[in-house]
Amino acid sequence: MPEITASFTFHGHELTADVVNPGDWFGKTWLICIEGGFTPLFLIVESDSASDAISELADSEEYGHHIIVDEADLADYAHETCEYSGSGKVIDTDWLSIHGCEGCPVPFQCRYHGDGLPAEGVLPTEFCWDDLDSDEDE
C-alpha cells in the first residue's frame, strides 16, 4: 500500500502529516497532535468521533505505540482511573490533543496526497484505494 499524507493549515501554518487509516471512515478526518517532546507529531485519523479517532490511533500498528502504555509501566496506572482504547488497551492521552468539529461531515479539513493521486491531492471524502493509479497493476 502506498503511503498517504495529508496537507492542511493549522494555526496559520501549512503542514503535512501521515494519514493513519486513509479510506476507513468515509473521509471524516481528525487531526491528532502528540506533544511532549521537542517536535509535536501530527497525524490525520479517519473516524466517526474524536474518541473513536483515539481508539483508531491506539489500534494502529505503526503509530499506536505513541499512546499505548508499555506493559512494563502498567503498574503505574490505577485500573479504576486509567484510560482504555476501544479494544481495551491502556492508553496515556496526557500529551495528546485532537482537533476537529464534532458533528461536522468533515471535522478537520485536509487534502490527501500520495502515489497515484493528482498533484493537487484529493479531499478525504473523495479518496478511494481502488482509484489509485499504480505501477504494480501494469
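Student: Strands here are DSSP runs of at least two residues, numbered from the N terminus. With that settled, which strand is Thr-29 found in?

Tutor: Thr-29 belongs to strand E3, which covers residues 29-34. Keep in mind that we are looking at a predicted model.

Student: Thanks! Is Thr-29 buried or exposed?

Tutor: Thr-29 counts as buried, because its relative accessibility is 0% and the cut-off for buried is under 20%.

Student: What does the polar side chain of Thr-29 have for company, then?

Tutor: A polar atom of the Thr-29 side chain lies 2.4 Å from the backbone oxygen of Phe-108.

Student: And which residues is Thr-29 in contact with, leaving aside neighbours within four places in sequence?

Tutor: Phe-108 is on that list too, together with Val-106, Pro-107, Cys-110, Tyr-112 and Pro-124. Thr-29 also contacts Ile-44, Val-45 and Glu-46.

Student: Next one along: where does Trp-30 lie, and is it buried or exposed?

Tutor: Trp-30 lies in strand E3 as well. With a relative accessible area of 1%, Trp-30 is buried.

Student: Which backbone oxygen lies 3.1 Å from a polar atom of the Trp-30 side chain?

Tutor: That oxygen belongs to Ser-47. If you are after a long-range pair, try Trp-30 and Gln-109: they are 79 residues apart along the chain, and their C-alpha atoms are separated by 8.3 Å.

Student: Let's step back one residue. What is the place of Lys-28?

Tutor: Lys-28 is in the loop between strand E2 (13-19) and E3.

Student: It's a lysine in a loop, and I'd like to check before guessing. Is Lys-28 buried or exposed?

Tutor: Lys-28 counts as buried, since its relative accessibility is 14% and the limit is 20%.

Student: Which side chain does the Lys-28 side chain join in a polar contact?

Tutor: The partner is Asp-48, at 3.0 Å. Asp-48 is also among the residues that Lys-28 touches beyond four places in sequence, along with Val-45, Glu-46, Ser-47, Cys-104, Pro-105 and Pro-107.

Student: Cys-104 caught my eye. How many disulfides does a search of the whole structure find?

Tutor: Zero. Cys-128, for instance, is in no disulfide, and its nearest cysteine sulfur, that of Cys-110, is 16 Å away.

Student: How accessible are Cys-104 and Cys-128?

Tutor: Cys-104 is partly exposed, with a relative accessible area of 21%. Cys-128 counts as partly exposed too, at 29%.

Student: Backbone question. Which residue in the loop between E2 and E3 has a positive phi although it isn't glycine?

Tutor: Phe-26 sits in that loop, and its phi is near 55 degrees. Phe-26 is exposed, with a relative accessible area of 68%. Another case is His-11, with a positive phi of about 50 degrees. His-11 is in the loop between strand E1 (5-10) and E2, and at 67% relative accessible area it is exposed.

Student: Over to the helix. Which residues of H1 are buried?

Tutor: H1 spans residues 50-59, and its buried residues are Ala-50, Ala-53, Ile-54, Ser-55, Leu-57 and Ala-58.

Student: What do they pack against?

Tutor: They pack against E3, strand E4 (41-46), E6 and E7.

Student: Between E6 and E7, then: what is going on around Asp-92?

Tutor: Asp-92 is in the loop between strand E6 (90-91) and strand E7 (96-99). It counts as partly exposed, at 22% relative accessibility. The side chains of Asp-92 and Tyr-77 are joined by a polar contact of 2.7 Å. Not counting residues up to four places away, Asp-92 touches Ile-67 and Val-69 besides Tyr-77. The C-alpha atoms of Asp-92 and Asp-70 are separated by 9.9 Å, with their positions 22 residues apart along the chain.

Student: Last topic, pockets. What is the volume of the largest pocket?

Tutor: About 290 Å³. Of its 15 lining residues, the closest to its centre are Val-19, Val-20, Asn-21, Pro-22 and Glu-62.

Student: How does the lining of the largest pocket divide by residue type?

Tutor: Into eight nonpolar, two polar and five charged residues.

Methods: Residues numbered from 1 in each chain as written. Predicted model: local features only at pLDDT ≥ 70, side-chain atom pairs only at ≥ 80, totals over all residues. Heavy atoms only, no water. Helix = DSSP H or I, 4+ residues; strand = E, 2+ residues; numbered from the N terminus. Buried < 20%, exposed > 50% of the residue type's maximum accessible area, 1.4 Å probe, protein only. Polar contact = N/O pair within 3.5 Å; in protein donor to acceptor, adjacent residues only side chain to side chain. Contact = heavy atoms within 4.5 Å. 1 Å grid on protein atoms, 1.4 Å probe; cavity = no way out; pocket = protein on both sides within 12 Å on 5 of 7 lines; lining within 4 Å. Points joined across faces, edges and corners; volume = space filled by probe spheres on them. Nonpolar A, V, L, I, M, F, W, Y, C, P; charged D, E, K, R; others polar. Disulfide = S-S within 2.5 Å.
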